[in-house]
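Q: I'm new to this structure and would love a close look at one part of it. Could you pick a buried spot, walk me through what surrounds it, and then connect it to the rest?

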Amino acid sequence: MIVNKAVSAYDFQILGPLRVCLDGIAVMLPARHPRMLLAALLLHNGEVVAEGRLMEQVWGHGAGTTIALRTAASRLRSWLRDQTCSAASIEHVDGGYRLRLPDRSVDAARFRAALAADSDTSGIDPHQRLAALMNALEQWRGPVLDGAPDGVREDSAVRALDDDHAMCLQRLAGLSISVQAPELLLPRTRALARGRPFDEPLHTRLIELYAACGRPAEALMEYEQLRSRLADELGVAPSADAQRAYLTVLDQDPPLLGGFERSHGAGWGRPVVPHQVPADIADFTGRDKETAVLLDHLGGLLNDPTRPAAMVAGVTGPAGAGKSTLAVHVAHRLMPAYTDGQLYADLRGTGAVPESPVRVLGRFLRALGVGKGAVPDDPAERTALYRSLMNGRRMLVVLDDALGEAQVRPLLPGSSACSVLVTSRSRLVGVSGARIVELDRFDVDHAVHLLATIIGHERVSAEPDAAAELVRFCGGLPLAVRICGARLAARPYWQLADLAAVLRDERRRLDELSVADLAVRDGLRQSHSRIGQDARQTLARLARLGPVEFAIGTVAAVCGLDHAVAGDHLGALVEARFVSVVDTGQAGRFHYRLDDLARLFVLDPDTAGRPA
């Protein structure tokens with residue numbers, strides 16, 4: 001019998017801090033000296049690097065020894081064998097060392113291959129060239145081998161890569177202007193130009209980008225700063241190309257940019273600032289602690305220069321707990337901090353047909369000003385364009401009702417100036433760095449307060465016992481409380497006790513918890529449809545136990561399961577929010593409880609007859 005094993009994908013990354021990934025997951029690097037030896041050899045993959053040069057780079061001038069180098073090489077060789085199953089190897093050749101690694105496994109080699117391929121692209125559509133080079137540019141995570149010792153960073157190969165990076169940006173800048181999308185490259189070109197003050201071709205492109213974006217004052221200022229710097233430091237005048245770009249700005253009429261749409265009367269190329277978040281809830285109440293956590297996480301580090309990546313927060317909880325309401329409320333509170341706008345998408349993760357990330361990307365690109373004909377068809381190109389447009393912008397992205405991590409990841413911006421707020425019934429633990437906020441049901445006091453904000457405090461104060469009974473029948477779900485409030489607000493002559501009497505009948509309760517397009521049953525049905533058939537059978541048997549607490553042993557006995565399978569079924573039911581965990585106060589001991597509205601839903605004959 002032949003067993004086919006998937007080939008693992010190794011990725012050695014030097015365009016930024018040294019990182020090695022296996023199937024997309026970063027692995028632990030070796031100790032300092034073997035690690036720096038790997039960095040130095042990766043700069044010259046496939047080439048012999050002299051021992052003396054390696055000792056200078058890894059240990060510093062006069063500090064390294066041949067024995068130390070051989071020891072580090074031996075440890076690195078063992079590490080490579082263990083981590084890559086001999087996909088990479090080190091040879092000692094002619095008084096030096098050589099790393100043998102396929103070019104496809106090194107980000108710098110892939111970047112250079114894309115740059116070389118672009119050199120022979122006569123007649124190729126500029127949009128295709130732009131997308132290909134943008135994908136190549138995504139390999140860069142920061143300065144080459146950022147954080148490595150100066151001896152490694154001063155290698156001529158680092159300077160050559162930096163020059164290739166600048167060349168790539170120069171080409172991209174020209175392409176972005178030709179396809180009338182100059183905003184795409186302005187932030188990155190500006191950032192790189194600050195670190196290369198005497199790179200005239202790069203600064204010339206920056207002048208042209210400013211002008212194409214309708215920012216002539218900044219274009220002229222950029223030229224003046226370049227001219228002064230060259231005169232003061234080098235005693236020379238700007239190049240003919242730089243002077244030509246300057247004179248073009250002086251004579252320029254307002255540009256006509258067809259690839260990106262503009263608002264009438266907004267000035268030259270003013271960027272589109274989307275505000276897509278739905279209206280806030282006027283009677284929002286409760287959730288003070290959760291609101292504070294989200295505001296602190298998404299707004300507290302905005303001005304921190306060490307903020308490493310886009311901040312992500314997730315709001316999770318059962319159907320009807322108010323996840324979307326909280327996310328919209330927090331997004332409105334954060335609007336002053338995210339001055340470049342907010343994007344919003346309903347991902348319909350609990351619906352029959354979840355939204356495709358590719359379609360959402362298309363809508364986001366349109367909202368960011370990309371003309372309909374300029375939106376790429378290829379999903380990877382859409383993602384690259386989206387992240388490029390978001391780069392350098394301070395924007396908040398709200399993704400409502402996500403199915404899971406796979407639906408969310410393509411929509412995460414790469415810029416550390418952005419933040420993402422996701423709601424989902426899943427906990428999204430696979431989204432790296434996400435701060436998860438769990439929404440529980442309201443207690444009686446908070447639920448009564450919500451009811452009072454909807455129908456008026458006078459009516460609640462007049463019937464406090466009926467109000468408390470009503471919210472208990474709602475199971476603490478904000479959605480159910482809102483439905484009751486809406487029904488009472490529509491009938492000001494009703495007593496709270498009248499509605500409580502109706503809900504007291506368990507056979508009618510779910511039918512009565514419905515008004516207009518709001519229904520508790522809909523959320524329960526969506527969650528129930530995602531539970532496996534075996535776990536559904538366990539759920540049906542537990543529902544017949546009534547409103548009681550039970551332990552895992554009870555589940556195993558009632559359902560005829562062993563403890564391991566019973567535990568798996570309980571885990572699925574807890575994840576689907578049909579079962580809650582009750583802490584007994586004893587270490588390692590938990591009880592469980594089927595939530596009342598979920599129990600009524602499961603006992604409904606229509607639910608029992610619905611196929612998995």
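A: Happy to! Let's begin with Leu-399, which, beyond its neighbours within four places in sequence, is in contact with Ala-345, Leu-347, Phe-364, Val-408, Leu-411, Val-420, Leu-421, Val-422 and Thr-423. Please keep in mind that this is a predicted model.

What makes Leu-399 a good starting point is its place in the largest nonpolar core: among the 103 residues of that core, Leu-399 and Phe-12 touch the most other members. Helix 7, spanning residues 156–178, contributes the largest share of this core, with nine residues. There is also a second, separate core of 51 residues, including Ala-447, Cys-474, Leu-503 and Leu-539. As a general background, nonpolar side chains in soluble globular proteins tend to be buried together.

Now let's look around Leu-399. Asp-401 sits in strand 9, and its phi is near 60°, a positive value in a residue other than glycine. That is worth a second glance, because most residues other than glycine have a negative phi. Asp-401 has a relative accessible area of 17%, so it counts as buried. One of the residues that touch Asp-401 is Gln-407, found in helix 16, which covers residues 405–408. Gln-407 is buried as well, at 7% relative accessibility. Setting aside neighbours within four places in sequence, its contacts are Leu-347, Gly-349, Pro-354, Glu-355, Pro-357, Asp-401 and Ala-402. Leu-347 also appears in the contact list of Leu-399, so you can use Leu-347 to find your way between the two sites, because Gln-407 touches it too.

Strand 9 leads us to an open space. With residues 396–402, strand 9 is one of the elements that each supply at least two residues of the lining of the second largest pocket. The others are helix 13 (323–334), helix 17 (444–455), helix 20 (478–490), strand 13 (518–519) and helix 23 (520–529). Helix 13 gives the most, with four residues. This pocket holds about 840 Å³ of space. Its lining is made of 33 residues, and Gly-320, Ser-324, Thr-325, Leu-479 and Leu-518 lie nearest the centre. By class, the lining has 12 nonpolar, 10 polar and 11 charged residues.

Let's return to the core and follow its other well-connected member, Phe-12. Phe-12 belongs to strand 1, residues 10–13, where Tyr-10 and Phe-12 point one way while Asp-11 and Gln-13 point the other way. All four of these residues are buried. This fits a general pattern: in a regular strand the side chains alternate between the two faces of the sheet.

Strand 1 pairs with strand 2 in the antiparallel sense over four bridges, and Gln-13 stands opposite Arg-19 in strand 2. The two strands form a hairpin with five residues between them, and in the turn Gly-16 has a positive phi of about 135°. They are part of an open sheet of three strands with antiparallel pairing, in the order 1-2-3. Strand 1 and strand 3 (25–26) stand at the edges with a single partner strand each, so one side of each has no neighbour in the sheet.

This corner also holds the structure's one cavity of 30 Å³ or more, with a volume of about 40 Å³. Its lining consists of Tyr-10, Val-20, Cys-21, Leu-22, Val-27, Gln-83 and Thr-84. Strand 2 (19–22) and helix 3 (66–84) are the elements that give two or more residues to it, and strand 2 gives the most, with three residues. The lining of the cavity has five nonpolar residues, two polar and no charged ones.

Two further buried residues can round off the tour. Thr-204 lies in helix 9, residues 200–212, and is buried with a relative accessible area of 5%. Not counting residues up to four places away in sequence, Thr-204 touches Asp-241, Ala-242 and Ala-245. Its C-alpha atom is 9.1 Å from that of Leu-226, which is 22 residues apart from it along the chain.

Finally, Arg-577 has a positive phi of about 70° although it is not a glycine. Arg-577 is placed in the loop between helix 26 (563–575) and strand 15 (579–583), and at 9% relative accessibility it counts as buried.

Notes
Residues are numbered from 1 along each chain as its sequence is written. This is a predicted model: local features need pLDDT of at least 70, side-chain atom pairs count only at pLDDT 80 or more; totals for chains, interfaces and linings use all residues. Side-chain values use heavy atoms; hydrogens and water are left out. On a 1 Å grid over the protein atoms alone, a cavity is a set of points where a 1.4 Å probe fits but cannot get out, and a pocket is an open set with protein on both sides within 12 Å along at least five of seven lines; lining residues have an atom within 4 Å of a point. Grid points are joined across faces, edges and corners, and a volume is the space filled by probe spheres set on the points. Ala, Val, Leu, Ile, Met, Phe, Trp, Tyr, Cys and Pro count as nonpolar, Asp, Glu, Lys and Arg as charged, and the others, Gly among them, as polar. A nonpolar core is a set of buried Ala, Val, Leu, Ile, Met, Phe, Trp, Tyr and Cys residues joined through side-chain atoms within 4.5 Å. Buried means under 20% relative accessible area, exposed over 50%, partly exposed in between (1.4 Å probe, protein chains only). Contact means heavy atoms within 4.5 Å. Two strands pair if DSSP finds at least two bridges between them.
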